[in-house]
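Me: Please take a close look at a single part of this structure and work outward from there. I would like one connected account that stays with what the model itself shows.

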Amino acid sequence: MVLGFFLGKAKWISEGTNKQLINILLMVAMPAALFGAFPQEFDREALNSFLMGLGGGTLVLLSLAVIGKLFFNKWTLPKAGRYARSESQFALIFNNAAFLGLPLVLTIFGQEAMMPYCGFIIPFNIALFGYGVYLMKGKFDGKMLVSTLLNPNIIAVMVGCALFVTSTGLPEIFNSTIGTVAQIMTPLSLICIGYMLSRAEIKKLIKKRRLFITAAVQLTVGPALTWVILWALGVPMEVRNILVLIQALPTATSLGLFAEKYGGDPVSASELVVISTIMSVVTLPVMLGLLLA
């Protein structure tokens, strides 16, 4: 991340280059990592972890959508417009589960943690490209639903799951290639985040109270609510810890991309991502220390 910060300051990475790198990460490296997470042979325990990630993630995302409506509406934010309220709701629901979550989950919990993560990423991507688009655009249609289901990450998980259930192994040359491509996810994602931080104008951000409130709610309420829901459901500690870590991550970098694509305010969205990322340096270890103890 520090490397990405200095590369940005030195202007060795441009805004256009960063967007291209993000597309490579989300459309190539991450699908490879998700596909490669599934074991070659069927295992009942691994399947249970996958299903718990799927069910727990769905319930958490639905709960955060409701909380978002309660926290960020025309009564709580009377001076903010529809887009500003939608931006805050988006930031609360969708964190950096794809961009930063995968390398952190893999590094902290190991390869076995990828099964519940793969389960979680299915409802996350469906919600992101469904409800997330609706928040930014104000409407949702059938074409968006089709494009959501055809997302490379969804396809990678579905194909990987099918091969896992049927114990259909691929030749080693394919597994080796997929594994090599997946390895770029961690370093390259952190370099891109470092670049984003290098573009931030801290003095201007300090005055934007709504963005700080949104980031604070997202970084604290999200993981705490996740812990409570999964604890009440009796989800095993190993899976609960993984989903709590994911929800303690900063706001999704896709917020800025969505705002730019669907006619929102990309500057405000990018500033919110930066604020959330900077604040997470403190809140992430604190929340994990409190909730995972």
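Reply: In this predicted model, helix α4 and helix α15 cross with a right-handed sense. Helix α4 spans residues 82–93 and helix α15 spans residues 266–291, and the two pack at an angle of about 30 degrees with their axes 11 Å apart. Angles under 35 degrees count as roughly parallel, and α4 and α15 are therefore described as roughly parallel to each other. On the α4 side the contact is made by Y83, E87 and A91, while α15 contributes S268, A269 and L272. Sorted by class, this contact of α4 with α15 holds 4 nonpolar residues, 1 polar residue and 1 charged residue.

From the α15 side, A269 deserves a closer look. A269 has its place in helix α15, and because its relative accessible area is 0%, A269 is buried. If its neighbours within four places in sequence are left aside, A269 is in contact with Y83 and E87, and also with L255, G256 and A259. Y83 and E87 are also among the α4 residues that make the contact with α15. As a reference point elsewhere in the chain, the C-alpha atoms of A269 and I13 are separated by 20 Å, with their positions 256 residues apart along the chain.

From the α4 side, E87 is the residue to follow, since E87 is buried with a relative accessible area of 0%. Side chains of opposite charge can pair when their charged atoms come close. In this model, E87 forms a salt bridge with R210, and the closest N and O atoms of that pair are 2.8 Å apart. A search of the whole structure finds 1 salt bridge. The pairing of E87 with R210 links distant parts of the chain, as E87 belongs to helix α4 and R210 belongs to helix α12 (residues 209–232), 123 residues apart. E87 thus appears both in the contact of α4 with α15 and in the salt bridge with R210 of α12.

Helices α4, α12 and α15 are also among the elements that cover the buried residues of helix α13, and this covering set includes α3 (44–71), α5 and α6 as well. Of the 11 residues of α13, 9 are buried, so α13 is largely enclosed by the rest of the structure. The buried residues of α13 are V239, R240, N241, I242, L243, V244, L245, I246 and Q247. To take one of them, N241 lies in helix α13, which covers residues 237–247, and because its relative accessible area is 12%, N241 counts as buried. Not counting residues up to four places away in sequence, N241 touches F109 and L292.

Two other helices of the covering set, α5 and α6, can be followed a little further. Helix α5 (residues 97–109) packs with helix α10 (residues 185–198), their axes coming within 9 Å and crossing at roughly 135 degrees. At that angle, α5 and α10 are therefore oblique to each other, and their crossing is left-handed, whereas that of α4 and α15 is right-handed. The α5 residues that make the contact are A98, F99, L100, L102 and P103, and those of α10 are M185, T186, S189, L190, C192 and I193. By class, the contact of α5 with α10 has 9 nonpolar and 2 polar residues, and no charged residues, while the contact of α4 with α15 includes 1 charged residue.

In helix α6 (residues 114–137), V133 offers another view of the interior, since V133 is buried with a relative accessible area of 1%. V133 and F258 are 125 residues apart in sequence, and the distance between them in space is 7.3 Å, C-alpha to C-alpha.

For contrast with these buried positions, K11 lies in the loop between α1 (2–9) and α2 (15–36), and K11 counts as exposed because its relative accessibility is 69%. The phi angle of K11 is near 65 degrees, which is a positive value in a residue other than glycine.

Technical notes:
Residues are numbered from 1 along each chain as its sequence is written. This is a predicted model: local features need pLDDT of at least 70, side-chain atom pairs count only at pLDDT 80 or more; totals for chains, interfaces and linings use all residues. Side-chain values use heavy atoms; hydrogens and water are left out. Axes are lines fitted to C-alpha atoms, for helices over the stretch in contact, and angles run from 0 to 180 degrees between N-to-C directions. Helices (H or I, at least four residues) and strands (E, at least two) are DSSP runs, numbered from the N terminus. Angles under 35 degrees count as roughly parallel, over 145 as roughly antiparallel, 65 to 115 as roughly perpendicular and the rest as oblique. A crossing is left-handed if the near helix is turned anticlockwise from the far one by less than a right angle, and right-handed if clockwise. Contact means heavy atoms within 4.5 Å. Ala, Val, Leu, Ile, Met, Phe, Trp, Tyr, Cys and Pro count as nonpolar, Asp, Glu, Lys and Arg as charged, and the others, Gly among them, as polar. A salt bridge is a side-chain nitrogen of Lys or Arg within 4 Å of a carboxyl oxygen of Asp or Glu. Buried means under 20% relative accessible area, exposed over 50%, partly exposed in between (1.4 Å probe, protein chains only).
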